[in-house]
Amino acid sequence: VTLLTDFGTRDGYVGAMKGVILSRCPNATIADLSHDVEPQDVLGGALALAAGAPWFPAGTIHVAVVDPGVGSARRALLADDGHALYVGPDNGLISLAAPHPRALYVLDRPAWFQEPVSATFHGRDVFASVAGHLAAAVRPSRLATPTEEFHRLALPAPRRTAAGYTGEIVHCDRFGNLVTNITAAEVSALGGGIRVEIAGNVIGRVSRTYADSATGHLVALVGSGGRLEIAVRDGSARERLALERPIGMPVRVTTRTT
Amino acid sequence: VTLLTDFGTRDGYVGAMKGVILSRCPNATIADLSHDVEPQDVLGGALALAAGAPWFPAGTIHVAVVDPGVGSARRALLADDGHALYVGPDNGLISLAAPHPRALYVLDRPAWFQEPVSATFHGRDVFASVAGHLAAAVRPSRLATPTEEFHRLALPAPRRTAAGYTGEIVHCDRFGNLVTNITAAEVSALGGGIRVEIAGNVIGRVSRTYADSATGHLVALVGSGGRLEIAVRDGSARERLALERPIGMPVRVTTRTT
Amino acid sequence: VTLLTDFGTRDGYVGAMKGVILSRCPNATIADLSHDVEPQDVLGGALALAAGAPWFPAGTIHVAVVDPGVGSARRALLADDGHALYVGPDNGLISLAAPHPRALYVLDRPAWFQEPVSATFHGRDVFASVAGHLAAAVRPSRLATPTEEFHRLALPAPRRTAAGYTGEIVHCDRFGNLVTNITAAEVSALGGGIRVEIAGNVIGRVSRTYADSATGHLVALVGSGGRLEIAVRDGSARERLALERPIGMPVRVTTRTT
C-alpha cells in the first residue's frame with residue numbers, strides 16, 4: 001500500500017490513515033509516496049503519483065488523497081488498471097497515473113468504511129479503510145459499485161508550430177528543475193539541431209544530462225519522466241530565471257535552422 | 001512500532017532510532033507518525049500522537065520523543081492503556097493519547113538501554129532500545145518498574161458562559177485550520193442556532209463540512225478529531241484572519257438568540 | 001534497505017525508488033533515513049548517513065543518493081564494510097559511514113539496472129535497482145566489479161594549539177545545535193578545566209547535557225555522535241549566535257588555566 005497526500009506529517013493525520021490500514025491488514029507493507037504535495041494541489045499530486053506509482057510491483061494499492069472537495073458530492077473512486085489499484089477522490093488525482101483503467105468503481109458502501117465517517121477526513125474514514133480491506137484481499141467488486149466515467153485531468157497539450165512546438169511548464173521540482181508538457185517523442189520527431197526558448201533565454205541544444213553543461217548554466221534535457229525539462233547544473237532553473245510562478249510559463253522548441 | 005519526534009529527518013537521528021529498533025526486532029513494522037513536530041513543542045506532539053495513535057491495531061508500540069528535558073531528572077516512561085504501549089519522556093507527551101493508562105512504568109533498568117547512554121539522545125539509547133525489546137515480546141514488567149503517577153498535559157477547558165462557551169484555539173494544522181478545545185458534545189448541547197466568534201469575525205452557523213461554504217469564506221465545523229474548528233474553504237483560516245500566533249486565541253460559541 | 005536522498009518527497013522520485021526496490025524484492029523492509037538533505041549537499045548527506053547507518057542490524061543495505069554528478073563519468077559504487085552494504089555515487093557520500101570497506105565494487109553491469117537507464121535519475125535506475133537485487137540475496141560479486149579506491153570526504157581535522165585545539169563547525173542540526181569536528185577523545189585528553197570559544201563567546205566548561213545550563217544560555221557538550229557541540233538549552237545556538245552560515249566557523253577549545 002502506498003500513500004500520497006497533501007497532509008504533511010505534523011498533525012497526525014497520516015498516522016491515523018496508517019493505523020486504519022494496519023488495523024484491517026496488520027501485515028500490510030506501507031510505503032510513503034509523498035505527504036508534501038502543496039495543500040489542495042490536485043495536479044501536483046497527480047504528477048507525483050504518476051512519477052512514483054508505475055514502479056511498484058503488480059498488485060500494489062495506491063491511496064491518494066488531495067481532496068479539496070471532501071464532504072461535497074464528489075465521488076470516491078477505486079480504479080484497477082490491470083497492474084495496480086488506485087483509491088482516491090474523483091477529482092482527477094489518479095487519472096494521470098491510471099489514464100486507462102480496466103475497471104472503475106464508486107466507493108458507496110459504508111460497510112467498508114470507518115464508521116461514523118467524518119465529514120472532513122475521508123482519507124482516514126473512507127480511503128484508508130477501503131485500502132486496508134483491499135490489502136486484506138477483499139475484492140473490488142465486493143466493496144464498491146462499477147461505474148464508467150471518472151474525472152480526468154488533462155495536461156495541456158503542446159501546440160504544433162511551423163518550426164516545432166510551443167508547450168509550457170507543468171511542474172517545478174525540489175531542485176528547481178522545470179518540467180514541460182513536451183514529450184521525448186515530440187523532441188525526437190523534430191530531429192537534431194533543436195533550440196529551446198524560455199522566458200527570453202535561448203538554449204542551443206538538448207543535452208543528455210545535467211553534466212553536459214557548465215555549472216550554473218541553463219540546460220535542456222529529457223528528464224526521467226520522459227518530458228523535456230529545463231535545469232541548471234548544480235543549481236535551480238527556477239531561481240536562475242527568477243520565476244515566481246513557473247507553472248504555465250511558455251516554452252518554445254524549434255529546429256535551429258528556422 | 002510507530003515513531004513521533006521533533007527531530008526532522010535531515011540529521012539522521014530518526015534513522016538511528018529505526019536502526020536500534022530493527023537491531024532488537026528485525027521484523028518489526030515501523031510506521032512514521034511524524035517527525036515534523038515543532039522543535040520542543042510538547043503540546044503539539046501530544047496532539048499529533050492523540051490524533052494518530054488510536055487508529056492503530058491493538059498491541060502497537062508508540063514511541064514519542066519531544067524531549068526538551070533530556071538529560072535532566074525527568075523520568076522515562078512506559079504506559080499501557082490496554083490497547084497499546086506508549087514509550088516516551090514523562091513530560092505529558094503521551095498523556096493526551098493515553099489519558100487513563102492501566103499500567104505505568106518507569107524506564108530505570110539500563111540493561112535494556114543502548115549502552116553507553118548518551119546524555120542528549122535518549123530517543124536512540126533509551127526509548128528506541130526499549131521499544132525494540134518490547135517489539136521482540138519482552139514484557140513491560142520485565143524491563144521497567146511500576147509507578148503510579150505521570151505528568152499530564154491539561155488542555156484548557158472551555159468556560160461555560162450565560163449563552164454558550166468561551167474556548168480557545170489549541171492547534172493550527174498544515175491547512176491553516178484552527179482547532180479549538182470546544183468538543184462536539186458541548187456544541188450539540190447548545191442545540192441549533194449557534195454562532196461562533198473569533199478575532200472579531202462572526203460565523204453564523206456550524207456547518208457539516210468545508211464544502212458547505214463558498215470558496216474563501218470562514219466556516220465553523222466539528223473536525224475529524226471531534227472538536228470545533230474554524231476553517232476556510234479552499235484556503236487557510238490562519239491566513240484569512242492574519243493570525244501570527246493562533247494558539248490561545250479566544251473563540252466564543254453562543255446560541256444565536258442571545 | 002534504508003534510503004537517504006536529497007530528493008524531498010514532494011515529486012514522487014523517492015516513491016519511484018521504493019517501487020523499484022519492492023519490484024525486485026517484494027518483502028524488503030524499507031526505512032527512510034532522510035530525504036531532506038539539502039539539495040546537492042554531499043557532506044550533509046554523508047554526516048546524516050554516518051549518524052544513522054551504524055545502528056541498523058547486520059546485513060542492512062543502505063542506499064544513499066545525493067548526486068550532483070549524475071550522468072557524468074563519476075562511478076556508481078557498492079561498499080561492504082563487513083556489517084552492512086552501501087550503494088551510492090562515488091562522490092564521498094558513503095565514505096563517512098563506511099570509511100574502511102572490506103570490499104569495494106563498481107556498478108558497471110547494466111543487466112542489474114532498470115533499463116533504459118535515464119541520464120538524470122540513477123537513484124531509480126541504478127541504485128534502487130541494484131539495492132533491490134541485493135535485498136533479494138544476489139551477491140555483490142555477481143552484480144558488480146571489484147575496485148580498490150573510492151572518493152573519500154575528509155572532515156577537516158582540528159588543529160592542535162599550545163593550549164588545546166582549534167576546530168570548526170561541520171554541521172548544524174534541526175535544533176540549531178552546532179556540531180564541531182573536535183572529538184570526545186580530544187576533549188578528554190585536555191583534562192578538566194576546559195573553556196570553549198565561538199564567535200566571540202566564551203563557554204566556561206563542557207557540560208554533560210543541555211539541562212546542565214539555564215534556559216537560553218550557551219552550553220558546550222559532547223553530542224550523541226561523539227563530537228563537541230555548542231547548543232542553547234530550549235533554544236537554537238545558531239540563532240543565539242546569529243550565524244547565517246555556521247559551517248566552517250572556528251571553535252577554540254583550551255584548558256582554562258591558559
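## Chain contacts and salt bridges in a predicted model

Between chain A and chain B, 15 residue pairs sit in polar contact, both partners at pLDDT 80 or more. A polar contact here is a pair of N or O atoms within 3.5 Å; within protein, one must be able to donate a hydrogen and the other to accept it, and residues adjacent in sequence count only if both atoms are side-chain atoms. Keep in mind that this is a predicted model, where local features need pLDDT of at least 70, side-chain atom pairs count only at pLDDT 80 or more, and totals for chains, interfaces and linings use all residues. Residues are numbered from 1 along each chain as its sequence is written, chains are lettered from A and ligands numbered from 1 in the order in which they are written, and side-chain values use heavy atoms, with hydrogens and water left out.

**Chain A against chain B**

- On the chain A side, α1 (13-24) and α3 (122-135) each supply at least two residues of the surface that touches chain B; helices (H or I, at least four residues) and strands (E, at least two) are DSSP runs, numbered from the N terminus.
- α1(A) gives the largest share of that side, eight residues.
- Sorted by class, the side of chain A that touches chain B has 11 nonpolar, 13 polar and eight charged residues. For the classes, Ala, Val, Leu, Ile, Met, Phe, Trp, Tyr, Cys and Pro are nonpolar, Asp, Glu, Lys and Arg are charged, and the others, Gly among them, are polar.
- In total, 32 residues of chain A are in contact with 28 residues of chain B, contact meaning heavy atoms within 4.5 Å.
- About 2600 Å² is buried between chain A and chain B, with carbon and sulfur atoms giving 53% of it. Buried area is the accessible area (1.4 Å probe) that two parts lose on being put together, summed over both.
- Zero salt bridges turn up across the interface of chain A and chain B, where a salt bridge is a side-chain nitrogen of Lys or Arg within 4 Å of a carboxyl oxygen of Asp or Glu.

**Chain A against chain C**

- Here 28 residues from chain A meet 31 residues from chain C.
- The area buried between chain A and chain C is about 2600 Å², and 54% of it comes from carbon and sulfur atoms.
- A:W55, A:R174 and A:F175 supply 31% of the area that chain A buries against chain C, more than any other three residues.
- Again the rule finds zero salt bridges across the interface of chain A and chain C, while 15 residue pairs are in polar contact (both at pLDDT 80 or more).
- β2 (31-34), α2 (42-52) and β9 (164-172) of chain A each supply at least two residues of the side that touches chain C. The largest share, four residues, is from β2(A).
- By class, that side of chain A has 13 nonpolar, eight polar and seven charged residues.

**How the copies relate**

- A rotation of 120 degrees with 0.0 Å of shift along its axis puts chain A onto chain C, with RMSD 0.0 Å; the fit is by least squares on the C-alpha atoms of residues with pLDDT of at least 70 in both.
- The two copies are therefore related as by a three-fold rotation axis.
- In chain A, the C-alpha nearest the axis belongs to A:T29, at 4.7 Å.
- Only 14% of the interface residues of chain A are also interface residues in chain C, so the copies meet through different surfaces.

**Salt bridges within the chains**

- Over all chains, the structure holds 21 salt bridges.
- One of them joins the side chains of A:D32 and A:K18 (3.1 Å, N to O). This pair links distant parts of the chain, with A:D32 in strand β2 and A:K18 in helix α1, 14 residues apart.
- A:D32 counts as buried at 15% relative accessibility, and A:K18 counts as buried at 3%. Buried means under 20% relative accessible area, exposed over 50%, and partly exposed in between (1.4 Å probe, protein chains only).
- A:D90 and A:R75 form another, the closest N and O atoms being 3.2 Å apart. A:D90 lies in the loop between β5 (85-89) and β6 (103-106) and A:R75 in the loop between β3 (61-65) and β4 (76-80), so the pair ties together parts 15 residues apart in sequence.

**Around C:H62**

- C:H62 lies in strand β3 (residues 61-65) of chain C and is buried, with a relative accessible area of 1%.
- The side chains of C:H62 and C:T2 share a polar contact of 2.8 Å.
- Not counting residues up to four places away in sequence, C:H62 touches residues including C:L33, C:L49, C:F56 and C:Y86.
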